Amino acid sequence: MPERLSNPLGIHALVWTGGWTHEDCELAISSTKQAGYDLIEIPALDLDRIDVEHTKATLDKHGMSAGLSLGLPLTSDVNSEDAASVAGGREFLRRALEVTEGIGAKYLGGVLYGSLCKYPEPATLRARENSVAAIRDLARAAAPLGITIGLETVNRYETNLLNTAQATLDFIDDVGESNVVVHLDAYHMNIEEDGYRTPILACGDRLGYFHIGESHRGYLGTGTIDFDEIFAALADIKYTGPITFESFSSAVVDPQLSNTLAVWRNLWSDSMDLATAARSFVADQLSAHPH
Ligand code: MN
C-alpha cells in the first residue's frame with residue numbers, strides 16, 4: 001500500500017502508450033494504478049480517438065481519476081486574429097469540455113489558450129483578447145460541472161503567449177473566473193524562468209496543477225532541474241494539488257503529440273521502470289519537504 005502523500009500523483013499517458021484504442025486505454029490506466037499513481041493525464045489533441053464511455057468505464061473499473069490535456073490545432077487557434085480560426089478553437093474547447101465531463105474528469109488543462117507550436121511572430125493584442133475571451137467562456141461552461149481549467153505555461157517554442165508564470169497570472173486576472181488555475185511545468189520553467197522558487201511563490205494558491213519533468217524529459221534526477229528548490233517552494237505555498245510526471249521517449253510515440261513536442265531521442269524504453277522510479281523520486285522529495 002503506498003504511503004499517504006500531501007499531493008495526488010499523476011502520470012502522463014504517453015509514458016505507456018501513444019494511442020487510445022480500447023487496448024491502449026486499458027494498458028495505460030491499469031499500468032498507472034500498478035505503478036502507484038492516483039491519476040492519469042490523457043492527451044486529447046485528437047478528440048475523436050477517445051471513446052468516452054469506454055474510457056470512463058475503464059477508469060471506474062480501476063478506481064482511477066483522470067485529467068485531460070491538449071494544445072489547440074494550428075488552424076483552430078483562439079490565439080489568433082482570424083475569426084474562422086478562433087471559432088474553430090472555441091468549438092474544439094467546447095468538445096474537449098464535453099469529453100472531460102464524459103469521462104468523469106475534473107481537470108482540463110494544457111495549452112488551451114492557443115496552438116501548440118512555434119509561432120512565426122509575437123502574440124498580438126487582438127489575438128490575446130480573443131484567447132482571453134475564449135478561456136472565459138470555457139471557464140464559465142466548466143464551472144457548473146465542477147471542472148477546473150488549467151493554463152499551462154510553456155516555453156517559447158510551443159507558444160508565443162504564456163511563457164512565464166507571471167504572464168499566466170496576468171492572463172488569468174484578465175479572464176476573471178475563479179475556476180482557472182496556473183499549470184506550471186518544471187521542464188518549461190527551466191527554459192524560461194529565472195529560477196523555480198519566485199514563480200511558484202508568485203502563483204501561491206492560484207497554482208492548481210504541476211508537471212514534474214526533467215530538463216531532457218527523461219528519468220527524474222538525471223538532468224539539470226533543481227528539484228530541491230521546486231519542492232521546497234511547493235511546500236512553502238502549501239501546494240496540495242496534483243503533481244503529474246511527464247516524460248517522453250521515441251520508444252513510445254503518439255504520431256501527433258510526439259512530433260509536436262519534438263520527441264526525437266530514445267531516453268528510455270521500459271515504461272514501468274521509468275514510472276516507478278519517478279514515483280519514488282517524487283515521494284522522496286515530498287518527504288524531504290513536508291507541508
Ligand atoms: Mn507539461
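Helices here are DSSP runs of H or I with at least four residues, strands are E runs of at least two, and both are numbered from the N terminus. This is a predicted model, so local features need pLDDT of at least 70 and side-chain atom pairs count only at pLDDT 80 or more, while totals for chains, interfaces and linings use all residues. Residues are numbered from 1 along each chain as its sequence is written, and side-chain values use heavy atoms, with hydrogens and water left out.

**View 1. His62 in helix H2.**
His62 sits in helix H2, which covers residues 52-62. Buried or exposed, at a relative accessible area of 14%? His62 is buried, given that buried means under 20% relative accessible area, exposed over 50%, and partly exposed in between (1.4 Å probe, protein chains only). Skipping residues up to four places away in sequence, His62 touches Glu26, Ile29, Ser30 and Lys33, where contact means heavy atoms within 4.5 Å. Take Glu26: it lies 36 residues from His62 along the chain, and the two C-alpha atoms are separated by 9.3 Å.

**View 2. The manganese site.**
Four residues hold the manganese ion: Glu152 (OE), Asp185 (OD), His211 (ND1) and Glu246 (OE), at 2.0 to 2.3 Å. Donors are N, O and S atoms within 2.8 Å of the metal (3.2 Å for Na, K and Ca), and since water is not among the atoms, sites may look incomplete. Along the sequence, the spacing of these donor residues reads E-x32-D-x25-H-x34-E. Distant parts of the chain are linked here, with Asp185 in strand E6 (residues 180-185) and His211 in strand E7 (residues 207-212), 26 residues apart. Asp185 is buried, with just 2% relative accessible area, and His211 is buried too, at 0%.

**View 3. The largest nonpolar core.**
A nonpolar core is a set of buried Ala, Val, Leu, Ile, Met, Phe, Trp, Tyr and Cys residues joined through side-chain atoms within 4.5 Å. The largest one has 87 residues, and those with the most contacts inside it include Leu108, Ile149, Phe210 and Ile212. Helix H4 (residues 125-142) gives the most to this core, chipping in six residues. Leaving aside neighbours within four places in sequence, the contacts of Ile212 include Leu220, Phe227, Ile230, Val282 and the manganese donor Glu246.

**View 4. Helix H4 against helix H5.**
The axes of H4 and helix H5 (residues 165-175) come within 9 Å and cross at roughly 65 degrees. Axes are lines fitted to C-alpha atoms, for helices over the stretch in contact, with angles running from 0 to 180 degrees between N-to-C directions. Which residues make the contact? H4 brings Arg128, Ser131, Val132, Ile135 and Arg136, and H5 answers with Asp170, Phe171, Asp174 and Val175.

**View 5. Two exposed spots, Ser269 and Pro290.**
Ser269 is in the loop between helix H9 (257-260) and helix H10 (271-288), and is exposed at 59% relative accessible area. Its C-alpha atom and that of Phe248 are separated by 9.9 Å, with the two positions 21 residues apart in chain numbering. Pro290 turns up in the segment after H10 and counts as exposed at 64%.

**View 6. Two cysteines.**
Cys117 is buried at 17% relative accessibility, as is Cys203 at 3%. How many disulfides does a search of the whole structure find? Zero, where a disulfide is a pair of cysteine sulfur atoms within 2.5 Å.
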